Amino acid sequence: MTDQTHPQRHPSGAFGIDIGGSGIKGAPVDLVVGELSADRVRIPTPQPATPDAVAATVAELVDSFDLPRDVPVGVTFPAVIQHGVARSAANVDDSWIGTDVSKVVAKATGRQVLAVNDADAAGYAETLFGAARGREGTVLVVTLGTGIGSCLVVDGALVPNTELGHLEIDGHDAESRAADSAREREDLSWDEWAERLQRYFRVVEDLLWPDLIVVGGGVSKKHQKFLPLLDLRTPIIPAGLRNAAGIVGAAALAAHGTVLD
């Protein structure tokens, strides 16, 4: 069951799909303003989340819209994506590893598809339409949630698959101590969590020397509780697009051809 029952016709543009462990969401995107141009459709992710099952669900989602055949389709995926191929799998079936996500979804939908890492899509959207719009130089977008996702954009070009949440810091995988899930799991106060974030972001800024850090993820809605506690040389600000970022970023990358090949 989706949250939209009748197909909608919309002006030719780009279409974004965000594949997650619990839900697959999609909508057409107005790339002039970076907003969804029709109500989003969400379908639960099939279990097990195998390539055939997920691709069939994506096709069902796309078919719920009356899309022109030439509309570019971008798909986010929770994995390292190299030239369309999944090299890891997070919250989906391990059989995705080594699978060409772009080709599998393209075959199921009968459309040209570009697949991209989910954090990269969200971060790229922030640089085009969100908190980092108009900022030159090196922009790092970090999402704090179950894990830590990262996206690096340099002078408008995406550097894919940075996976900075898995840096080893003080003998630990960084996200195991600094993700929002660690705050919840260990019942940390905002001050206690900010100390861990401080350590994480200080290491990252010493490695990359970014011009701006943007923090996304659901907890960014409460940014007043922890961002002011950080003492960094890099400006750090909350993300702007939130839940729409993945869909918007995937659509934008598909429409632009790709910065990944």
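Is Phe65 buried or exposed? The exercises below start from this question and use a predicted model.

**Exercise 1. Classify Phe65 and describe its ring partner.**

Solution.
1. The relative accessibility of Phe65 is 3%. Buried means under 20%, so Phe65 counts as buried.
2. The structure holds six aromatic pairs. One of them joins Phe15 and Phe65, with 5.1 Å from centre to centre and 70 degrees between the planes. Planes over 60 degrees apart count as edge-to-face, and the pair is of that kind.
3. Phe15 belongs to strand β1 (residues 14-19), while Phe65 is in the loop between α1 (51-63) and β5 (73-77). The two residues are 50 apart, and the pair links distant parts of the chain.
4. Phe15 has 0% relative accessibility and therefore also counts as buried.

**Exercise 2. Determine the strand order of the five-stranded open sheet and state which strands stand at its edges.**

Solution.
1. The order is β11-β10-β9-β14-β15, and the pairing is mixed.
2. The edge strands are β11 (157-159) and β15 (236-238). Each has a single partner strand, so one side of each lacks a neighbour in the sheet.
3. From one strand to the next, the twist averages 25 degrees.

**Exercise 3. Work through the strand pairings that involve β10, and state how far β10 is enclosed.**

Solution.
1. Strands of a sheet pair through backbone hydrogen bonds, in a parallel or an antiparallel sense.
2. Seven bridges connect β9 with β10 in the antiparallel sense. In this pairing, Leu144 has Ile148 of β10 as its bridge partner. The two strands form a hairpin, with three residues between them.
3. β10 and β11 are also antiparallel, with three bridges. Here Val153 is matched with Leu158 of β11.
4. A hairpin is formed by β10 and β11 too, with two residues between the strands. In its turn, Asp155 has a positive phi of about 50 degrees.
5. Of the seven residues of β10, six are buried, so the strand is largely enclosed by the rest of the structure.

**Exercise 4. Find the parallel pairing of β14 and the helices that pack on the sheet.**

Solution.
1. Strand β14 (residues 212-216) runs parallel to β15, and three bridges join them. Val215 has Pro238 of β15 as its bridge partner.
2. Helix α3 lies across β9 (138-144), β10 (148-154), β11 and β14, at about 50 degrees to β10.
3. Helix α6 (residues 190-208) also packs on the sheet, where it touches β9, β10, β14 and β15. Its direction makes about 150 degrees with that of β9.

**Exercise 5. Compare the surroundings of Ala122 and Thr146.**

Solution.
1. Ala122 is found in helix α3 (residues 118-129), whereas Thr146 is in the loop between β9 and β10.
2. The relative accessible area of Ala122 is 14%, so this residue is buried. For Thr146 the value is 72%, so Thr146 is exposed.
3. Apart from neighbours within four places in sequence, Ala122 is in contact with Ala245 and Gly246. With the same exclusion, Thr146 is in contact with Ala179 and Ser181.
4. Between the C-alpha atoms of Ala122 and Cys151, 29 residues apart along the chain, the separation is 7.9 Å. Thr146 and Glu35, 111 residues apart in sequence, have their C-alpha atoms 26 Å apart.

**Exercise 6. Describe the span, the buried residues and the aromatic contacts of α6.**

Solution.
1. α6 has 19 residues and reaches 26 Å from first to last C-alpha, close to the 27 Å expected at 1.5 Å a residue.
2. Its buried residues include Trp193, Ala194, Leu197, Val203 and Val204. Tyr200 and Phe201 are buried as well.
3. What is the geometry of the pair formed by Tyr200 and Phe201? The ring centres are 5.3 Å apart and the planes are at 65 degrees, so the pair is edge-to-face.
4. Trp190, Trp193 and Phe226 are linked into a cluster by ring pairs.
5. Arg183 lies over the face of Trp190, 4.3 Å from the ring centre. The charged end of Arg183 also sits over the ring of Trp193, at 5.6 Å from its centre.
6. After α6 comes Trp209, which has a positive phi near 50 degrees.

How values were computed
Residues are numbered from 1 along each chain as its sequence is written. This is a predicted model: local features need pLDDT of at least 70, side-chain atom pairs count only at pLDDT 80 or more; totals for chains, interfaces and linings use all residues. Side-chain values use heavy atoms; hydrogens and water are left out. Helices (H or I, at least four residues) and strands (E, at least two) are DSSP runs, numbered from the N terminus. Buried means under 20% relative accessible area, exposed over 50%, partly exposed in between (1.4 Å probe, protein chains only). Contact means heavy atoms within 4.5 Å. Two strands pair if DSSP finds at least two bridges between them. Axes are lines fitted to C-alpha atoms, for helices over the stretch in contact, and angles run from 0 to 180 degrees between N-to-C directions. Rings of Phe, Tyr and Trp (its six-membered ring) pair if their centres lie within 6.5 Å; planes under 30 degrees apart count as stacked, over 60 as edge-to-face and the rest as tilted. A charge sits over a ring if NZ of Lys or CZ of Arg is within 6 Å of the ring centre and within 35 degrees of the ring normal. The expected span of a helix is 1.5 Å times one less than its number of residues.
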